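Student: I would like to learn how strands, sheets and helix contacts are read from a set of coordinates. Could you take me through the features one at a time, with the general idea before the particular case?

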Amino acid sequence: MLRPPRRLPRPLRRAASTGPGPGRRLLLSTPIFYANGPPHIGHLYSALLADALHRHRGLRGAGPGRLSTGTDEHGLKIQQAAAAAGTSPPELCQRVSGLFRQALTQAAVSFTDFIRTSEPHHQRAVRHFWGALQDGGALYKGCYEGWYCTPEECFLPESQLAERRDAQGRPCKVSLETGHQVHWTKEENYMFRLSAFRDPLRDWLRDNPGAIAPDPFYQRVLRWLEEDLPDLSVSRERSRLQWGIPVPSDPTQTIYVWVDALVNYLSVVGYPETHGEWWPAAHHVVGKDILKFHAVYWPALLMAAGLPPPERIFVHSHWTVRGQKMSKSLGNVIDPAACIGQYTLDGFRYFLLRQGVPERDCDYYDEKVVKLVNSELADALGGLLNRSTALSINPSNTYPCFSESCFPKVSDYREAKGLGRASAEDYELVASVASLPLQVASYFEGFQIYKALECIALCVRQTNGFFQRHKPWKLDRRDPAEQLWLDTIIHVTLECLRVYGTLLQPVIPHTADRLLSRLAVEPEERGLSSLTFLPRYDGKPCPFEGRELGPDTGVLFHRLEKPRQRQHQIETKKL
């Protein structure tokens, strides 16, 4: 193969407007989803993780933010899927892209940008990016042969293959990770000098240990960089692949679908003209199956084009269904729309974000959804709101006053005995809830949203214990001392609920809105930057004290019915 002289990677151009500090811009992104089939809960999980991060950042008032998503519409898979469906690639993509936009909108994903790689402005960005690679000497033309996996749109080395038999019993090779069949392919392609970027990639990761999270995935990428890093084929013969962007100045070649797709993160922020206002302040949310594309190929391509890698790459694992991988052949692909219809929008959002653990695969089954959502949303959170705002307990329908004599501030709650009515467990509750906003922010920052929700759920249980322990329904309002303590119990409980409602907004936006509205918390009072808990305990005024509560709109979250006899919500949409 003919190779041009090697050149060192060029110095990276950093945008001045993306430095740390308040008010800085940030792009959060989902992967763009492949438009060869309708969405399933794996797609939705990626989008909900990014959405929760985007919403949480907005509530912190951290500065301008964008959330991008969209559909990846080129490649051999789509060309073949369209032929099998008796339609054209553009028609197939138009239909499937619409399904994704509809599904994400139905799931209340607050995207600001929905990009399609078939759009002219994206294609112009890809051509410009290709030119930058070529100008930097990162591309050369050569004959390439190897095992190509069409479903994954990539060549695989022998070390990632296994021997199997196909449906007719004939021996074949398949991808070890996915089980997809591969085929030996030989063609003349453009190659990207990936091997020249091993050291720059290592330096980038060494200097930015938080660039890939959670840590097990960071370590996985470091191990990859210890192995061979062969040059990457970045085009296909146009005779094999017509549905894609032609290589500029070489109409016999089509740009590799992954190069095309990855550039969406630049084209969405105005590359090549105005991307500097946002890039490299970008956080990508991706599944573990596309980690190498995002954590090895994409940073290397960016470096070759003279651009810095994204700030962070958040990686999550997959969802199985009753212990089995989702697959059309097994008939167990979960349709998000059916789940939202059965478990409600916020119920299903809460389940995926509460149960999904980025480091390991998570298992879905209907009974688990019902049990979790009923326990934590309907019973614990909804029951607490219902009991603490009931007219029998709070006939004035107001945010009652806090009594410092009943609940005095102490430096050590173990010495509080005899000073008021509050017990050691009550002081533990106040300490837990006071530290909750920072704890939740830390978990969001570390891409551990499920841990943030676990902490909130634990505090909700503690608050229920507080309410149950003091039995306010048994206190006599006619006794002034009892009245003070009763009002204090309700005040503390409503303050806890206000914190929970505020912190849950990124995850269950509609339920959180109803909760906060019931507590008469105004829209401008729902941010995280100004969230303070129980100011009266610290001798400061509470703006909610004495305020009339909002209208009672009934049960906060209705209990879900037990799953119907069928085991799964099976995808019914047909291409």
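Student: How many residues of strand E15 are buried?

Tutor: This is a predicted model, and in it six of the six residues of strand E15 (residues 282-287) are buried, so the strand is largely enclosed by the rest of the structure. Both of its faces are covered, with Ala282, His284 and Val286 buried on one side and His283, Val285 and Gly287 buried on the other.

Student: Which strands pair with E15, and in which sense, parallel or antiparallel?

Tutor: As a general idea, strands of a sheet pair through backbone hydrogen bonds, either parallel or antiparallel. Here strand E1 (residues 26-29) pairs with E15 in the parallel sense over three bridges, and serine 29 has histidine 284 in E15 as its bridge partner. E15 also pairs with strand E16 (residues 312-316), again in the parallel sense, over five bridges, and in that pairing valine 285 stands opposite phenylalanine 314 of E16.

Student: Where should I look for antiparallel pairing?

Tutor: Strand E5 (residues 139-149) and strand E9 (residues 183-192) run antiparallel and are joined by ten bridges, with tryptophan 147 standing opposite tryptophan 184 in E9. E9 is also joined to strand E11 (residues 232-233) by two bridges, and this pair runs antiparallel; methionine 191 has serine 233 of E11 as its bridge partner.

Student: In what order do the strands of an open sheet lie, and which strands stand at the edges?

Tutor: One open sheet of three strands has the order E12-E14-E13, and its pairing is antiparallel. Strand E12 (235-237) and strand E13 (246-247) are at the edges, and each has a single partner strand, so one side of each is left without a neighbour in the sheet. E13 and strand E14 (residues 250-255) run antiparallel and are joined by two bridges, with aspartate 250 in E14 as the bridge partner of valine 247.

Tutor: Another open sheet is formed by three strands in the order E18-E17-E19, and there the pairing is mixed. Its edges are strand E18 (324-325) and strand E19 (362-364), each with a single partner strand, so one side of each is left without a neighbour in the sheet. Strand E17 (residues 319-321) pairs with E18 in the antiparallel sense over two bridges, and threonine 320 has lysine 325 in E18 as its bridge partner.

Student: Turning to helices, what is the angle between H1 and H11, and which residues make the contact?

Tutor: In general, two packed helices are described by the angle between their axes and the distance between the axes. Helix H1 (residues 41-60) packs against H11 at an angle of about 90°, with the axes 10 Å apart, and that makes H1 roughly perpendicular to H11. The contact is made by Ile41, Leu44, Tyr45, Leu48, Leu49, Asp51, Ala52 and Arg55 of H1 together with Phe348, Arg349, Leu352 and Leu353 of H11. By class, this contact of H1 with H11 has nine nonpolar, no polar and three charged residues.

Student: Is tyrosine 350 in H11 buried or exposed, and which residues does it touch?

Tutor: Tyrosine 350, which is found in helix H11 (residues 345-355), has a relative accessibility of 3% and therefore counts as buried, the cut-off being under 20%. Not counting residues up to four places away in sequence, tyrosine 350 touches Leu372, Glu376, Leu377, Leu453, Ala457, Leu504, Val507 and Ile508.

Student: At what angle do the axes of H4 and H9 cross, and how do the residues of their contact divide by class?

Tutor: The axes of helix H4 (residues 120-135) and helix H9 (residues 291-304) come within 8 Å and cross at roughly 70°, and H4 and H9 are therefore roughly perpendicular to each other. Phe129, Ala132 and Leu133 of H4 make the contact with Trp298, Leu301, Leu302 and Ala304 of H9, and the residues of this contact divide into seven nonpolar, no polar and no charged.

Student: Finally, where is glutamine 448, and is it buried or exposed?

Tutor: Glutamine 448 lies in the loop between helix H13 (424-445) and helix H14 (449-470), and with a relative accessible area of 10% glutamine 448 is buried. Leaving aside neighbours within four places in sequence, glutamine 448 is in contact with Pro214, Glu359 and Tyr443.

Note on methods: Residues are numbered from 1 along each chain as its sequence is written. This is a predicted model: local features need pLDDT of at least 70, side-chain atom pairs count only at pLDDT 80 or more; totals for chains, interfaces and linings use all residues. Side-chain values use heavy atoms; hydrogens and water are left out. Axes are lines fitted to C-alpha atoms, for helices over the stretch in contact, and angles run from 0 to 180 degrees between N-to-C directions. Helices (H or I, at least four residues) and strands (E, at least two) are DSSP runs, numbered from the N terminus. Angles under 35 degrees count as roughly parallel, over 145 as roughly antiparallel, 65 to 115 as roughly perpendicular and the rest as oblique. Contact means heavy atoms within 4.5 Å. Ala, Val, Leu, Ile, Met, Phe, Trp, Tyr, Cys and Pro count as nonpolar, Asp, Glu, Lys and Arg as charged, and the others, Gly among them, as polar. Buried means under 20% relative accessible area, exposed over 50%, partly exposed in between (1.4 Å probe, protein chains only). Two strands pair if DSSP finds at least two bridges between them.
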